[in-house]
Amino acid sequence: MPSWVIDRYGRNEVLRFARNMALPAIRFPNEVVIKVHAASLNPIDLSMRSGYGATALNMKRDPLKLNSEENEFPLTLGRDVSGVVMECGLSVSYFKPGDEVWAAIPPWKQGTLSEFVVASGNEVSFKPKCLSHTEAASLPYVGLTAWSAINKVGGLNQKNCGGKRLLILGASGGVGTFAVQLGKAWGAHVTAVCSSDASTLMKELGADDVIDYKSGNLEEQLKILPLFDFILDNVGGATEKWALDLLKKWSGATYVTLVTPFLINMDRLGVADGMLQTGVTIGSKTLKHLCKGVHYRWAFFMPSGPCLDEIAELVNSGKVLLNISADIRDGGKRRLCLQCSPTCS
């Protein structure tokens with residue numbers, strides 16, 4: 001089958017278009033084979049191309065070190081997929097061949113920039129009926145990352161989110177745009193921080209307040225607003241030094257960041273020392289801020305078919321919209337081709 005693969009880490013020149021990659025096979029009874037109708041790229045794919053997270057991901061691929069050599073290559077990137085089920089494992093009863101599905105494949109598995117991909121049945125969900133495959137492929141990874149941060153780590157849901165004040169830092173990215181809409185769908189008051197050129201989009205997505213971080217000192221702009229119940233930080237860096245001061249103290253308010261040193265620590269220090277350093281960092285920060293009356297958390301992407309089911313309901317009901325350029329939505333030429341050469345237009 002045709003696939004886009006890499007045989008080593010580096011920049012774009014390491015990408016190779018392969019015409020005769022082996023078809024993926026079902027190895028466990030809970031897996032399904034999906035024919036890829038559309039896939040998309042996320043920042044994680046660009047980072048993985050350069051080797052980011054390789055130590056942790058290789059440990060996940062081969063935890064018992066049964067292979068004597070590194071086994072990640074050739075590596076197919078791509079996390080999002082929208083397509084049709086071609087084959088099901090013996091224990092899969094929820095899906096059948098011909099079902100239109102979408103999924104986000106974990107980064108330790110072979111990716112979706114290929115004609116076929118294998119996924120666990122619990123990572124797959126029925127595609128929203130109102131979306132084309134191209135549209136659907138834009139959402140699973142960022143949607144599940146935001147869902148993990150807000151719901152799984154932050155503890156917010158449709159029942160307890162109403163009336164809460166949410167702050168989304170870095171709101172104009174893929175995760176941010178979904179987080180804004182999820183907060184509004186659950187009845188929260190959402191403040192979005194972005195650049196001025198994204199302000200109109202934020203308003204269209206339902207943000208109650210839009211703050212332009214380029215128009216002045218961001219910390220001072222946010223300090224004049226009422227305190228928040230929840231902060232999602234897609235930016236990291238210096239924002240962590242002051243953002244937690246914007247939370248309501250001793251009320252269960254939570255700060256969740258998606259910018260963590262977990263994979264970097266393991267790449268730099270190795271598995272054991274990297275995990276130890278990560279544990280010390282998260283433990284000390286959690287305790288430090290807990291003593292100040294707020295919760296400090298890290299969040300990561302979590303693959304989940306059941307969560308995608310809930311996201312699909314929000315999409316089908318019109319509570320979550322997609323921000324896709326017209327040339328992609330209308331089937332324009334700017335796409336990654338799997339049928340011909342890499343230079344094809």
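How many residues does helix H5 have, and how far does H5 reach from its first C-alpha to its last? Let's look at that first, then move on to the core and the strands.

This is a predicted model, where local features need pLDDT of at least 70, side-chain atom pairs count only at pLDDT 80 or more, and totals for chains, interfaces and linings use all residues. Residues are numbered from 1 along each chain as its sequence is written, and side-chain values use heavy atoms, leaving out hydrogens and water.

**View 1. Helix H5, end to end.** H5 covers residues 174–185, which makes 12 residues, and spans 17 Å from first C-alpha to last. That's close to the 16 Å expected, where the expected span is 1.5 Å times one less than the number of residues. Helices (H or I, at least four residues) and strands (E, at least two) are DSSP runs, numbered from the N terminus. Just after H5, look for Gly 187, with its positive phi of about 90°.

**View 2. What surrounds H5.** Here 9 of the 12 residues of H5 are buried, and buried means under 20% relative accessible area (exposed is over 50%, partly exposed in between; 1.4 Å probe, protein chains only). Among them are Val 175, Phe 178 and Leu 182. The buried residues of H5 pack against several elements, including helix H4 (140–153), strand S10 (189–194) and helix H11 (305–316); contact means heavy atoms within 4.5 Å.

**View 3. The largest nonpolar core.** A nonpolar core is a set of buried Ala, Val, Leu, Ile, Met, Phe, Trp, Tyr and Cys residues joined through side-chain atoms within 4.5 Å. This one has 54 residues, and Val 180, Met 202, Leu 232 and Ile 311 touch the most other members. H4 gives the largest share, 7 residues. Leu 232 touches Ala 149, Val 175 and Val 256, among others, not counting residues up to four places away in sequence.

**View 4. Strand S13 and its partners.** Thr 254 sits in S13 (residues 254–257) and is buried, at a relative accessible area of 8%. Its side chain reaches the backbone oxygen of Gly 252 at 3.2 Å. Both faces of S13 are covered: Thr 254 and Val 256 are buried on one side, Tyr 255 and Thr 257 on the other. S13 pairs in the parallel sense with S12 over 4 bridges; pairing takes at least two bridges found by DSSP. Another 4 bridges join S13 to the parallel strand S14 (residues 295–298), where Tyr 296 stands opposite Tyr 255.

Technical notes. Polar contact = N/O pair within 3.5 Å; in protein donor to acceptor, adjacent residues only side chain to side chain.
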